[in-house]
Amino acid sequence: MSAPTPSAPAPTPAARAVRTVRKAVLPAAGLGTRFLPATKATPKEMLPVVDKPAIQYVVEEAAAAGLDDVLMVTGRHKRAIEDHFDHAFELEQALAAKGDTVRLDAVRDPARLASIHHIRQGDPLGLGHAVLCARRHVGDQPFAVLLGDDLIDPRETLLSRMLDVRDRLLGSVVALMEVPPEQIHRYGCAAVEPTREDGVVRVTGLVEKPPPQDAPSRYAVIGRYVLDPGVFTALERTPPGRGGEIQLTDALRELASGGTVHGVVFEGLRHDTGDKADYLRAVVRLACERHDLGPEFVTWLRGFLGELDGAAPAPRDVAA
């Protein structure tokens with residue numbers, strides 16, 4: 001399986017050091033109703049994608065882009081997220097005593113990715129409210145927002161490019177992806193105009209989950225944002241919108257009217273792990289690409305697909 005073409009060269013450590021954006025906010029207070037009953041007692045962000053919870057991939061993406069200060073906005077019954085990014089001393093001691101360095105590193109890695117903080121949203125009043133909860137931590141600095149349902153292939157450099165655009169053009173930057181017209185009602189949708197830079201547009205308007213006939217374009221806003229701290233003032237003025245929630249899209253629409261919002265068009269590989277079918281696709285793809293799992297799993301998968309197509313079943317291994 002060939003790797004997707006990166007959208008931009010990976011930033012060097014020196015380039016990361018001079019960036020103005022160092023903080024990331026991960027809203028993780030949703031109820032996960034699309035995955036019930038699995039999410040009745042387990043946060044949806046902790047559902048495994050192969051052998052890591054979905055939210056760990058997102059934190060790894062933030063850390064790879066040089067964001068070393070991560071605030072997770074959680075809610076009740078989300079303690080498992082906090083525990084995952086903390087040290088597990090008894091487990092670490094048991095693995096160390098066994099000399100199991102591979103699993104020991106895997107257990108320690110989440111706590112070493114970044115300086116991770118937690119705050120509770122309290123009431124589930126929408127994404128805009130979750131971002132507003134981060135105000136005290138973020139202060140007057142620009143910051144990134146990464147939604148845990150969106151898994152961006154780690155070979156892509158979407159977030160790094162967005163940070164570069166913010167450094168050069170200031171204001172706020174959103175990630176945009178062109179989707180079929182029949183899917184646009186699932187997303188915030190951006191009205192755009194071109195700029196002189198390939199793959200970068202100026203956002204002139206935003207609509208939250210419009211019906212296809214009312215959508216200003218096919219550009220959907222996906223779960224990556226780099227936001228100017230002025231968004232907090234806009235959020236404070238934003239009344240509840242669609243679903244009775246405070247929508248980040250509505251606040252960004254106000255900022256876009258002043259010409260201070262740009263979009264980076266993403267054409268790479270993304271999975272929405274909040275959707276059951278796409279969650280399964282993410283698990284299968286990542287499993288196939290793993291050197292320790294891929295060869296055996298791909299062989300089984302080919303045989304299984306043959307069975308679905310009516311071919312003779314693949315021979316099963318028989319233990320001696």
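Before I turn to the chain itself, one definition: when I speak of a helix I mean a DSSP run of H or I with at least four residues, and helices are numbered from the N terminus. What we have on the screen is a predicted model, so please hear everything that follows with that in mind.

I would like to begin with that definition at work, in helix α12. This helix covers residues 294-308, and because Trp300 and Phe304 are four residues apart within it, they are separated by about one helical turn. As a general matter, an α-helix has 3.6 residues a turn, so residues three or four places apart point the same way. In this model the rings of Trp300 and Phe304 do form a stacked aromatic pair, with 5.1 Å from centre to centre and 5° between the planes. Phe297 joins these two, so to speak, in that Phe297, Trp300 and Phe304 form one aromatic cluster. Are the two stacked residues buried, exposed or something in between? Trp300, at 48% relative accessibility, counts as partly exposed, and Phe304, with a relative accessible area of 33%, is partly exposed as well.

Let me now step back to the chain as a whole. The chain has 12 helices and 13 strands, and its C-alpha atoms fill a box of roughly 70 × 50 × 40 Å along the principal axes. For 320 residues, a compact globule would be expected to have a radius of gyration near 20 Å, and the 21 Å of this chain agrees with that. Of the 320 residues, 47% are buried, while the accessible surface comes to about 16,600 Å², with 54% of that area belonging to carbon and sulfur atoms. If we take the contacts with a separation of 6 or more, 75% of them are between residues 24 or more positions apart. As for charge, there are 38 positive and 44 negative side chains, and the centres of these two sets lie 2 Å apart.

Coming back to the aromatic residues, the count of aromatic pairs comes to four. One of them is formed by Phe143 and Phe232, whose ring centres are 5.2 Å apart and whose planes meet at 5°, so the pair is stacked, the cut-off for that being planes under 30 degrees apart. Which parts of the chain does this pair tie together? Phe143 lies in strand β6, residues 143-146, and Phe232 in helix α9, residues 231-237, so the pair links parts that are 89 residues apart in sequence. Both Phe143 and Phe232 are buried.

Next I would like to look at helix α2, residues 54-64. This helix is mostly covered, since, with buried meaning under 20% relative accessible area, eight of its 11 residues are buried. Among these buried residues are Ile55, Tyr57, Val58 and Val59, and also Gln56 and Glu61. Ala63, which lies in the helix too, is partly exposed, with a relative accessible area of 24%. The C-alpha atoms of Ala63 and Asp167 are separated by 18 Å, and the two residues are 104 apart along the chain. After α2 comes Gly66, whose phi is positive, near 90°.

That brings me to the backbone. In general, most residues other than glycine have a negative phi, and most peptide bonds are trans. Where does this model depart from a trans peptide bond? A cis peptide bond joins Leu36 and Pro37, with omega at about 5°, and Pro37 is found in the loop between β1 (23-27) and β2 (48-49).

Two residues other than glycine also deserve a look for their phi. Leu170, in the loop between α8 (158-169) and β8 (172-178), has a positive phi near 60°, and at 49% relative accessibility it counts as partly exposed. Lys209, in the loop between β10 (200-208) and β11 (219-227), has a positive phi of about 50°, and Lys209 is likewise partly exposed, at 33% relative accessibility.

The last residue on my list is Gly258, which sits in the loop between α10 (248-256) and β12 (261-265). Gly258 is exposed, with a relative accessible area of 57%. Its C-alpha atom and that of Gly171 are separated by 9.9 Å, although the two residues are 87 apart along the chain. I will stop there and leave the model on the screen for discussion.

Conventions. Residues numbered from 1 in each chain as written. Predicted model: local features only at pLDDT ≥ 70, side-chain atom pairs only at ≥ 80, totals over all residues. Heavy atoms only, no water. Rg over C-alpha atoms; globule rule 2.2 N^0.38 Å. Buried < 20%, exposed > 50% of the residue type's maximum accessible area, 1.4 Å probe, protein only. Contact = heavy atoms within 4.5 Å. Areas by Shrake-Rupley, 256 points an atom, 1.4 Å probe, with all protein chains shown as cover. Lys, Arg positive; Asp, Glu negative; His and termini not counted. Charge placed at Lys NZ, Arg CZ, Asp CG, Glu CD. Phe/Tyr/Trp six-rings, centres within 6.5 Å; stacked < 30°, edge-to-face > 60°.
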